[in-house]
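Here is a short tour of one protein chain, written for someone who would rather be at the bench. Have the sequence and the 3D view open as you read.

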Amino acid sequence: MPKQKKSYQYQFTVKDYIKVFAAYACLGGLIFFCVRAASTPKEPTTYTQVWDTLVAHGYSPIDRTDFYQEVNHNMGITKNITCKEDTLWFEFFTFSDSQCASSAYGNLTTQMNAIEREYQTESADTGEVRANFEVRSLTAGGKYYYLMRISDTLLYAYCEEERANEIRSVASELGYVMD
């Protein structure tokens, strides 16, 4: 008589189904939070908040709105704060709409790309676009550059590399950093 092979089929129990369900629920939750983080808009800061923050950090900001509106009359600039302290430079712009701000962000990104090519840098460069904001930073030629657009506002700053934490501190306080 031929030998019969035993079949070893696993029988799923209720406990096994619960484990599979829990694993899928965790994976779904992780995907949900990642998608939510990438699509949650940031709230732009105001002209007054930027001014007050710069003063609180010991800087002397000036309003150069009239200058920028005259020089760049087609750019949609409605407000500007400029702050120059030795080797550190801050610019904050408010535009008539987010499309104008995005265009200015693109122009400054092009300038940063040229700097990157000039120094053939292998720096820790970051660039990211999410919801209503985009950000880029660059370290090249002994300088640190930081650029972030949120809706219709733009923060651009650069300094000697040793002072990069000053820019990061102000940007963080204003909410102009990646979360």
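## A walk through the chain

Of the 179 residues in this chain, 36% count as buried. Please keep in mind that the model is predicted. Its secondary structure adds up to five helices and seven strands, and from the N terminus the order of elements is α-α-β-α-β-β-α-β-β-β-β-α. Among contacts in the chain with a separation of 6 or more, 51% are between residues 24 or more positions apart.

**Helix α2 and its partner**

Let us settle on helix α2, residues 47–56, and helix α5, residues 164–174: their axes come within 10 Å and cross at roughly 140°. Angles over 145 degrees would count as roughly antiparallel, and α2 and α5 are therefore oblique to each other. Their crossing is right-handed.

Which residues make the meeting of α2 and α5? On the α2 side you will find Q49, V50, T53 and L54, and on the α5 side V170, E173 and L174. Sorted by character, the residues of this contact are four nonpolar, two polar and one charged.

Now turn to the buried residues of α2, which are Y47, V50, T53 and L54. Looking down the axis of α2, you would see these buried residues within an arc of 135°, so they line one face of the helix. The cover over them includes helix α5 as well as the strands β1 (62–63), β2 (77–85) and β3 (88–95). After α2 comes G58, a residue with a positive phi near 90°.

**Two loop residues with positive phi**

Two residues other than glycine also deserve a look in your viewer, D86 and S151. The table sets out where they sit and how accessible they are.

| Residue | Phi | Loop | Relative accessibility |
|---|---|---|---|
| D86 | near 50° | between β2 and β3 | 65% |
| S151 | near 50° | between β6 (143–150) and β7 (153–160) | 19% |

Is D86 buried or exposed? With a relative accessibility of 65%, D86 counts as exposed, because the cut-off for that class is over 50%. S151 has a relative accessible area of 19% and is buried, since buried means under 20%. The loop that holds D86 joins β2 and β3, two of the strands that help cover the buried residues of α2. S151, for its part, lies in the loop between β6 and β7.

Terms used. Residues are numbered from 1 along each chain as its sequence is written. This is a predicted model: local features need pLDDT of at least 70, side-chain atom pairs count only at pLDDT 80 or more; totals for chains, interfaces and linings use all residues. Side-chain values use heavy atoms; hydrogens and water are left out. Axes are lines fitted to C-alpha atoms, for helices over the stretch in contact, and angles run from 0 to 180 degrees between N-to-C directions. Helices (H or I, at least four residues) and strands (E, at least two) are DSSP runs, numbered from the N terminus. Angles under 35 degrees count as roughly parallel, over 145 as roughly antiparallel, 65 to 115 as roughly perpendicular and the rest as oblique. A crossing is left-handed if the near helix is turned anticlockwise from the far one by less than a right angle, and right-handed if clockwise. Contact means heavy atoms within 4.5 Å. Ala, Val, Leu, Ile, Met, Phe, Trp, Tyr, Cys and Pro count as nonpolar, Asp, Glu, Lys and Arg as charged, and the others, Gly among them, as polar. Buried means under 20% relative accessible area, exposed over 50%, partly exposed in between (1.4 Å probe, protein chains only). The arc is that of the directions from the helix axis to the C-beta atoms.
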